[in-house]
Amino acid sequence: MSLSIRPIRPDERARFLQRVIETTWNDLPPFQRAQLTPAQLAPNVERIVELLMAQGDNVILVADTEAHHNAGQVWLGEAPDPYTGTRRGYVYDLYVEEAARGQGIGRALLLAADEASRKRGDTELGLTVSARNESAQALYRSLGFETERLNLSKRLES
């Protein structure tokens with residue numbers, strides 16, 4: 001399979017945003033999904049994307065294969081370490097089209113994000129993954145990502 005990674009084009013921005021909304025929806029815990037619809041979630045995600053895009057250095061890369069144009073995307077942002085202040089890259093979103101999964105596209109996108117992060121001087125690369133997304137966790141671990149913290153929550157019934 002021939003795979004190329006390139007910067008996003010302006011005409012792909014709407015598709016980028018829809019994918020971020022989809023990833024966010026898929027990663028919501030069940031109790032939050034019970035309170036929302038994807039349509040209700042979309043404006044909140046759009047607002048967050050705008051805020052994050054206004055902060056720091058953002059890179060959005062897209063993967064093309066001969067069989068699938070724009071098969072996936074990775075959004076690399078910047079999240080300085082709050083304790084040390086060191087420059088830290090942060091993968092805000094990784095998305096691969098369902099039909100293109102299992103072909104190494106996610107891995108290639110993460111490696112490209114890693115390279116972009118190093119080139120701009122980041123000392124670390126972080127990301128967050130849903131506890132339910134075991135395949136993504138396996139991919140991240142295979143690329144050297146380690147668990148730093150576990151965020152736990154519980155539903156409070158009134």
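These are my notebook entries on one protein chain, from its overall fold down to a patch on its surface.

Before starting, I noted that the model is predicted, that local features need pLDDT of at least 70 and side-chain atom pairs pLDDT 80 or more, while totals for chains, interfaces and linings use all residues. Residues are numbered from 1 along each chain as its sequence is written, and side-chain values use heavy atoms, leaving out hydrogens and water.

**Fold.** I looked up the secondary structure and found five helices and five strands, where helices (H or I, at least four residues) and strands (E, at least two) are DSSP runs numbered from the N terminus. Along the sequence, I read their order as β-α-α-α-β-β-β-α-β-α. The radius of gyration, taken over C-alpha atoms, is 16 Å, close to the 15 Å that the globule rule (2.2 Å times the number of residues to the power 0.38) gives for 158 residues, so the chain is as compact as a globular protein of that length.

**Burial.** I then checked how much of the chain is covered, and 39% of the 158 residues count as buried, meaning under 20% relative accessible area, with exposed being over 50% and partly exposed in between (1.4 Å probe, protein chains only).

**Contacts.** Counting contacts (heavy atoms within 4.5 Å) between residues at least 6 apart in sequence, I found that 62% join residues at least 24 apart.

**Strand β1.** I turned last to Ile 5, which lies in strand β1, residues 3-7, and which is partly exposed, with a relative accessible area of 32%.
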